[in-house]
Structure formats: structure tokens, C-alpha cells
Amino acid sequence: MGVEIERKFLLRDDSWRAGISRSETIAQGYLIGAQALRDGSARSSVRARVAGDKAWLNIKAAVAGIERAEFEYAIPLADAQALLATLCDGVVEKIRHHVHVGNALFEVDEFLGENEGLVVAEIELPAIDASFPHPVWLGAEVSALKRYYNVNLIAHPYRQWSPVERAAEDATC
């Protein structure tokens with residue numbers, strides 16, 4: 001079984017941009033929507049993702065936290081495009097920037113469309129307690145805040161967030 005250990009952070013400023021090694025546009029949609037996850041009728045989120053000429057189907061355990069079971073499978077691009085167009089409630093679009101800090105890779109997602117203005121950094125770790133660099137541009141951790149999960153950005157996009165939600169005062173330090 002695959003396991004993803006991922007932590008997510010807001011950003012203090014744009015100084016991370018100087019470290020971009022590459023960027024790609026991503027579109028992803030969910031075959032099991034946020035409502036089913038919220039009401040407990042789904043045990044997993046299932047998403048189709050397109051990045052350039054590649055596509056994947058991703059299945060992730062529907063539990064909160066930084067460690068979740070995850071399975072990912074390459075699928076034909078045309079299949080993913082059909083899934084996004086016909087079976088998903090909506091699509092999240094973003095530019096993913098790869099930023100290396102020492103040996104660590106931060107994936108900085110700059111959201112587009114209804115989520116424009118939201119920028120978060122994610123880092124995947126080998127263990128829950130693994131250490132990692134904390135560059136000056138890394139802000140408050142929002143890993144535990146479900147509104148930052150991509151699946152929830154379809155039903156409640158960033159443009160609709162209140163100032164309190166955007167300030168993430170309920171985030172961990």
C-alpha cells in the first residue's frame with residue numbers, strides 16, 4: 001500500500017520564486033466529491049489529473065491528517081480529459097512550481113480560476129516526524145485545515161472565503 005506523508009503551508013512572500021526549477025500546469029477533478037467526503041459516505045477521494053501530456057488516476061484515503069494511504073496510476077491522457085469533462089463536479093487548475101531547498105523539494109501550487117490568489121507550498125516526507133528545511137518564505141502550516149484540500153476548493157473556492165478563512169488563524173504554527 002502506498003502512503004503519502006505531506007505537509008502544507010501558506011507563504012509569507014514571493015521570495016520562493018527565485019528557486020523555481022520547473023513549472024507545470026495541472027488540471028484535476030474528483031470522481032467522488034467533497035460532499036460525500038464530508039458526510040462520511042465515501043472512504044476515499046478519487047481524482048483524475050492532467051499535467052502536460054501525462055495523466056493519472058489517484059485514490060487517497062478520506063481521512064484528515066498528514067499521513068494517508070494513496071495509490072496513483074498512469075492513465076491515457078484522453079481518458080483523463082474525458083473524466084474531467086464528463087464525470088467530475090468541477091476542475092481545480094493550478095501551476096505547480098518545483099522549488100528545491102537543499103535536498104528537499106517543495107511543490108508550490110499557485111491556483112487559477114475561482115481559486116486565484118491562493119498559493120500554498122507542499123512537501124512530501126518519508127516519515128511523520130522527518131525534519132525538513134523551513135525557508136524564510138514558508139508561513140503557517142495548514143495541513144490540518146480541510147478547506148485547503150483540493151477537493152474542497154471546487155465546492156468552496158478561495159474567492160468565496162471570508163477574511164478569517166484566508167488569514168488561517170485556525171492553522172497550526
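The legends below describe close-up views of a predicted model.

**View 1. Lining of the largest pocket in the predicted model.** The largest pocket has a volume of about 750 Å³, and of the 38 residues that line this pocket, Tyr-30, Arg-47, Lys-60, Arg-68 and Asn-150 are the closest to its centre. Sorted by class, the lining consists of 19 charged, 12 nonpolar and 7 polar residues.

**View 2. Surroundings of Ser-44 in strand β3.** Strand β3 covers residues 44-51 and includes Ser-44, whose relative accessible area is 19%; because buried means under 20% relative accessible area, Ser-44 counts as buried. When neighbours within four places in sequence are left aside, the contacts of Ser-44 are Ile-32, Leu-37, Ile-59, Lys-60, Ala-61 and Ala-62. Of these contacts, Lys-60 also appears among the lining residues closest to the centre of the largest pocket.

**View 3. Asp-109 and its polar contact with Lys-94.** Asp-109 belongs to strand β7, which spans residues 104-111, and is buried at 0% relative accessibility. The side chains of Asp-109 and Lys-94 are joined by a polar contact of 3.1 Å. Beyond residues up to four places away in sequence, Asp-109 touches Lys-94, Ile-95 and Arg-96, and also Leu-118, Val-119, Val-120 and Glu-122. Between Asp-109 and Glu-165, which are 56 residues apart in sequence, the C-alpha to C-alpha separation is 18 Å.

**View 4. Glu-110 and its polar contact with Arg-17.** Glu-110 is likewise part of strand β7, and its relative accessible area of 19% places this residue in the buried class, because the limit for that class is under 20%. The side chain of Glu-110 forms a polar contact of 2.7 Å with the side chain of Arg-17. With neighbours within four places in sequence set aside, Glu-110 is in contact with Trp-16 and Arg-17, with Lys-94, Ile-95 and His-97, and with Leu-118 and Val-119.

**View 5. The largest nonpolar core and a second, separate core.** The largest nonpolar core has 16 residues, of which Leu-11, Phe-106, Ala-121, Ile-123, Phe-132, Trp-137 and Leu-138 touch the most other members. Strands β1 (3-11), β7 and β8 (119-124) are the elements that each give two or more residues to this core. A second core, separate from the largest, comprises 13 residues, including Leu-10, Val-142, Tyr-148 and Trp-161.

**View 6. Contacts of Phe-106.** Leaving out neighbours within four places in sequence, Phe-106 is in contact with residues that include His-97, His-98, Val-99 and Val-101, together with Ala-121, Glu-122, Ile-123, Phe-132, Pro-133, Pro-135, Trp-137 and Leu-138.

Terms used. Residues numbered from 1 in each chain as written. Predicted model: local features only at pLDDT ≥ 70, side-chain atom pairs only at ≥ 80, totals over all residues. Heavy atoms only, no water. Helix = DSSP H or I, 4+ residues; strand = E, 2+ residues; numbered from the N terminus. Buried < 20%, exposed > 50% of the residue type's maximum accessible area, 1.4 Å probe, protein only. Contact = heavy atoms within 4.5 Å. 1 Å grid on protein atoms, 1.4 Å probe; cavity = no way out; pocket = protein on both sides within 12 Å on 5 of 7 lines; lining within 4 Å. Points joined across faces, edges and corners; volume = space filled by probe spheres on them. Nonpolar A, V, L, I, M, F, W, Y, C, P; charged D, E, K, R; others polar. Polar contact = N/O pair within 3.5 Å; in protein donor to acceptor, adjacent residues only side chain to side chain. Core = buried A, V, L, I, M, F, W, Y, C linked by side-chain atoms within 4.5 Å.
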